[in-house]
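Trainee: I would like a close look at one part of this protein, with the surroundings explained as far as they help.

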Amino acid sequence: TLLYTIKFEVPTTMTGPIPTKVAPEVFWAPRKDRIFIRIMVRECADSYDLNISEKKISFRGKNKEGSKEFALDLDLYEEIDSKAYKKSASDRMVKLCLNRKEEGEFWPRLLETKAKMHCVKTDFDLWQDESEDEVEDDAANWETMMNNMNIGGTEMGEDEELEDSDDDDLPDLEDDKDMEQLE
């Protein structure tokens, strides 16, 4: 009989195992004048490198244990203002609000290429259709108009009271004589 021995070796460095490279999940949502991006990286808030240019976003980072190395390169659909952006980082994610160079139609996709990247997803928490932008303004204007017209309420002083029709006495529903006959 023949016996086979299978030997597994984990590549190591002087300080421990080599970190696994991972592409982090990216969620995005467009607007006419900006793009929202969330890069989901657990426990990587302190040790990362983020480079933003007009057409590209690069992210590199490691988690606290050093067991995962996050690497991401995004070639954007159109140009952004690489100097005017907002960033917020936490233990779970890095949030970006990127200003577009030219305001206009919503981007149909985040990336320049039409190829699907498994890690890039739509951020439905921030998603907004192009038509919703105008609808929100109309809704805000409608609410202001209704408040100005005082629809649905009256302005009364503290001493004033309106007569309520519920305060009137109602007639009996059944005649008492009819009830006596039934008994």
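What is the order of the strands in the open sheet of four, and how are they paired?

Mentor: The model is a predicted one. The order in that open sheet of four strands is β3-β8-β7-β6, and the pairing is mixed. The edges are taken by β3, residues 20-22, and β6, residues 48-52. Each of these has a single partner strand, so one side of each is left without a neighbour in the sheet. From one strand to the next, the twist averages 10 degrees.

Take the β3 edge in more detail. β3 and β8, the latter spanning residues 68-75, run parallel and are joined by three bridges. One place to find this pairing in the structure is T20, which stands opposite K68 in β8.

To place the sheet, consider the protein as a whole. Its secondary structure amounts to eleven strands and two helices. Read from the N terminus, the elements run β-β-β-β-β-β-β-β-β-β-β-α-α. Of its 183 residues, 24% count as buried. Among contacts between residues at least 6 apart in sequence, 58% join residues at least 24 apart.

Now follow β8 to L74, which lies within residues 68-75 of that strand. Leaving out neighbours within four places in sequence, L74 is in contact with V26, K55, K56, I57, L110, L111, M117 and V120. L74 also belongs to the largest nonpolar core, which has 24 residues. Within this core, I37, I39, I57, F59, L74, L96 and L110 are the residues that touch the most other members. The strands β4, β5, β6, β7, β8 and β10 each supply at least two of the core residues. As a general rule, nonpolar side chains in soluble globular proteins tend to be buried together.

One of the contacts of L74 is V26, and that residue leads to another set of paired strands. Strand β4, residues 25-30, is mostly covered, with five of its six residues buried. β4 pairs with β5, residues 34-40, in the antiparallel sense over six bridges. The link from β4 to β5 is a hairpin of three residues. β4 also pairs with β11, here in the parallel sense and over three bridges. V26 shows both pairings: I39 stands opposite V26 in β5, and V120 is the bridge partner of V26 in β11. V120 is also among the contacts of L74.

Two further side chains of this region involve rings. The charged end of R38 sits over the ring of F27, at 5.1 Å from the ring centre. W28, in strand β4, forms an aromatic pair with W127, which lies in the loop between β11 and α1. The ring centres of W28 and W127 are 6.1 Å apart and the planes stand at 90 degrees, so the pair is edge-to-face. The two residues are 99 residues apart, and the pair links distant parts of the chain. W28 has a relative accessible area of 5% and is therefore buried, whereas W127, at 30%, counts as partly exposed.

A second aromatic pair is formed by Y77 and W107. Their centres are 5.9 Å apart, with 55 degrees between the planes, and the pair is tilted. Y77 lies in the loop between β8 and β9, and W107 in the loop between β10 and β11, so the pair ties together parts that are 30 residues apart in sequence. W107 is buried, with a relative accessible area of 3%, while Y77 is partly exposed at 25%.

Y77 is also touched by E112, a residue in the loop between β10 and β11. Not counting residues up to four places away in sequence, E112 touches K55, D75, L76 and Y77. K55 is among the contacts of L74 as well. The C-alpha atoms of E112 and E78 are separated by 7.2 Å, although the two residues are 34 residues apart along the chain. E112 has a relative accessibility of 46%, so this residue counts as partly exposed.

To go back to the request: the sheet has the order β3-β8-β7-β6, and three of these strands, β6, β7 and β8, each give at least two residues to the largest nonpolar core.

Methods: Residues numbered from 1 in each chain as written. Predicted model: local features only at pLDDT ≥ 70, side-chain atom pairs only at ≥ 80, totals over all residues. Heavy atoms only, no water. Buried < 20%, exposed > 50% of the residue type's maximum accessible area, 1.4 Å probe, protein only. Contact = heavy atoms within 4.5 Å. Pairing = 2+ DSSP bridges. Axes fitted to C-alpha atoms, helices over the stretch in contact; angles between N-to-C directions. Core = buried A, V, L, I, M, F, W, Y, C linked by side-chain atoms within 4.5 Å. Phe/Tyr/Trp six-rings, centres within 6.5 Å; stacked < 30°, edge-to-face > 60°. Lys NZ or Arg CZ within 6 Å of the ring centre and 35° of its normal.
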